[in-house]
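Me: I would like a close look at one part of this structure, namely its salt bridges and the places where they sit. Please take the question below as the starting point and then work outwards from it.

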Amino acid sequence: MTQMAGTPIPHAPGFIANTTPRIVTSRFDYEDSYTLARYEATDGYQGLKKALQQTPEEVHNEVRDATLLGRGGAGFPAGVKWGFCPPEVWPRYLVVNGDESEPGTYKDRLLMELDPHQLIEGCLIACYAVGLSQCFLYIRGEMAVAQERVAQALNDAYAAGYIGKNILGSEFSVDIVLHWGAGAYVVGEETALIESLEGNRGMPRLKPPYFPASIGLYGQPTIVNNVETLSNLPWILEHGSQAFTAIGTETSPGTRMVAVSGHVKRPGVYEIINGTTTFRDLLYGTDMCGGIRNDNQLKAFVPGGGSAPWFTPEQLDLPFEASHVGPQGSMLGSGAIMVMDETTDIPAAALTLTKFYAHESCGKCVPCREGGTWLEQILRRVVEGRGTNRDLDLLIEVGETICPGDFPHAAVASKGIEAVPFPYRMTTICFVGPSAFAPVHSALTLFREEFEAKVSGNDEPTMIEVAVDV
Amino acid sequence: MKFFTEENAELAQEIIGRYPKPRSAMIPLLHLAQEQEGWVTDEAMTEIAELVGTTSAEVLGTCSFYEMFKRKPVGKYVINICTTMSCALMGAGDLMKHAESRLGVKSGGSTPDGLFTLEGAECQAACTEAPCLQVNYRHQYRVTPDQFDQLVEDLASSDSDIPEHGVLSQIRQHIPADKFVGSTPPEDVVSAPVWLSEAGGQ
């Protein structure tokens, strides 16, 4: 495409290199990182070649031994997930989850735009290992440039014999079909993704029985893996699972991509060592975010995407390790950290997330469809100064219809609040409903005084406006 | 009178042929329809129903679930300003106010000349580059009010790489016939793929 004089479509920015070994971002510094020529010149498709010299079972074992945790949010080991396909049920499919849309999350789009062949190679390795006979690469609808880069990469890889019939002269044959969505956050949930891929409204299915590995696309065994997860496979196959587990910790090996946004000096996407890097390293490290903007005080941060309960400075020394973060009341989720400094209006910040989840409710489960909207409306009137003291309790009451019992939250030692561990109980099929409550609950638990200030002295209920002439 | 042009009708068949079940092509075909007209017309949905073997009501059901499908005409350029947390913390609210005043429309509205539709949007996976926006689903990063004005001027004078609304990927996937393994309906597949069975099965 010719470059025109006016506003161009810019190269995806955001990645900032540091001293961490680069597993999935190793080509990001090249201007032509997304081309087949660059990929082949930088060890591209070597992992696939190594895989094809082994049996599928050996490849599967290599990935299982790597303890590659899913990078989409749930953090389940990919090699174990692959093993859940029932034996002798054919065909099996691979669905790639490239529907990145969790608030704060920015990594899969970079991987698709800047290194699409790495993702494709990962898909091929997974298909070979598990006997998946067709791959559907589902990219979020609102990512036109990622769609273009992946389309070009697929066309080039087909032409070069890496995809399709008899890959690299072997018996291994598989198609990768590019598919994209049309704007619906809930489709990032794996069963909703499958519904969408079948041409339906993207509403989640009940698990059990609809665990994709046993009953997935067209009712067949289906592996749904995240883009970053699959992008790790070429490196693991090329260098071996031992090289992978030598980085990070035993339970959280390798590296992971995290996006830090909000009130830091250097917001960016960082590849960090899994398991050992702490939030303090990330937010204050001189090779990472470099501290809070204007040297302000940190007030709170969301540690794992908009769905995650919030942390305060008291949790800064926790590492990126689920077994540490979970008991402290939150989750690592999709590697998205949103930072709020001392100037942040906490109830308003919570509203930006709750309105997101209320809007994105698919409408299938009543507690989410109704509760999310209620949470948004009540919180909005509190933020706008029309709320009452009673509204603060009402927010919790509504939330408890979605998540009964104690909702997870962080400890606040200065206020004598102890942590409630993750996860929560829920009355909905998927996590969208609980996610609408998470920011409200965190904000109210950690910063109740800010809410009280907004409703101060107001005990009279606000009448709901009734629209007559619409 | 057919809805799809001859070229797009051929493309539609190629797309349908990639899926084990035709209905899976519904969203790709709705995108194709929107690319052709800028929005999704009733005629398009009726024809897509025929192509994938379902009713137009089912197509409407799917179409209406997804934010990107517009069932009435929109501007040549749809400007989506992200309003979710990371952008909101970095000034998205002010950017939206500025955009509303510059374009003379409220969020959700279109300019009378048919050039612009302004929408508040949700997280666009560019959170480190806040506040961000998209024009026809192409990003602009760390947008200041001045840059917004420049963007609007450039778009109004067609001084931009951004294609008109409806056009997503300008590069299409094409699977060469001699490389295409083919999409078999799942009920017709009864055994393990050959590379797995030769290795002794799993």
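Which side chains meet in a salt bridge with 2.8 Å from N to O?

Reply: In this predicted model, the side chains that meet at 2.8 Å, N to O, are those of R380(A) and E376(A). Both residues belong to helix α15 of chain A, which covers residues 366-383, and they stand four residues apart, about one turn of the helix. The two partners fall into separate classes of accessibility: R380(A) has a relative accessible area of 29% and is therefore partly exposed, since that class lies between 20% and 50%, whereas E376(A), at 17%, counts as buried because the cut-off for that class is under 20%. Elsewhere, salt bridges with shared partners join R71(A), K107(A), D108(A) and E228(A) into one network.

Within that network, the pair of E228(A) and K107(A) can be described in some detail. Their closest N and O atoms are 2.9 Å apart, and the pair links distant parts of the chain, with the two positions 121 residues apart in the numbering. E228(A) lies in helix α9 of chain A (residues 227-231), while K107(A) lies in the loop between β1 (92-98) and α5 (108-114) of chain A. Both ends of this salt bridge are buried, E228(A) with a relative accessible area of 0% and K107(A) with one of 1%.

A further salt bridge crosses between chains, from R138(B) in strand β4 of chain B to E148(A) in helix α7 (residues 144-159) of chain A. The side chains of R138(B) and E148(A) meet at 3.4 Å, N to O. Here too each partner is classed as buried, R138(B) at 1% relative accessibility and E148(A) with a relative accessible area of 11%. Across the interface of chain B and chain A the rule finds one salt bridge, while a search of the whole structure finds 35 over all chains.

The setting of that contact between chains is the interface itself, where 76 residues of chain B are in contact with 108 residues of chain A. Together the two chains bury about 7,200 Å², and 58% of this area is on carbon and sulfur atoms. Between chain B and chain A, 37 residue pairs are in polar contact, counting pairs with both residues at pLDDT 80 or more. On the side of chain B that touches chain A, at least two residues each come from α2 (26-37), α4 (56-63), α5 (85-89), β4 (138-140), α7 (145-156) and α8 (194-198) of chain B.

Two sites in chain A can be set beside these charged pairs. One is S442(A), which is found in helix α17 (residues 432-446) of chain A and counts as buried because its relative accessibility is 0%. Leaving aside residues up to four places away in sequence, S442(A) touches P309(A), W310(A) and F447(A). The other is a nonpolar surface patch of about 260 Å², made by F76(A), V80(A) and F84(A). Of these residues, F76(A) is found in the loop between α3 (56-65) and α4 (78-82) of chain A, and its relative accessibility of 38% is why F76(A) counts as partly exposed.

Key
Residues are numbered from 1 along each chain as its sequence is written. Chains are lettered from A and ligands numbered from 1 in the order in which they are written. This is a predicted model: local features need pLDDT of at least 70, side-chain atom pairs count only at pLDDT 80 or more; totals for chains, interfaces and linings use all residues. Side-chain values use heavy atoms; hydrogens and water are left out. Patches are made of residues with over 30% relative accessible area and no salt bridge: like charges are joined within 9 Å, nonpolar side chains (Val, Leu, Ile, Met, Phe, Trp, Tyr) within 5 Å. Accessible areas come from the Shrake-Rupley method with a 1.4 Å probe; for residues, only the protein chains shown count as cover. A salt bridge is a side-chain nitrogen of Lys or Arg within 4 Å of a carboxyl oxygen of Asp or Glu. Buried means under 20% relative accessible area, exposed over 50%, partly exposed in between (1.4 Å probe, protein chains only). Contact means heavy atoms within 4.5 Å. Buried area is the accessible area (1.4 Å probe) that two parts lose on being put together, summed over both. A polar contact is a pair of N or O atoms within 3.5 Å; within protein, one must be able to donate a hydrogen and the other to accept it, and residues adjacent in sequence count only if both atoms are side-chain atoms.
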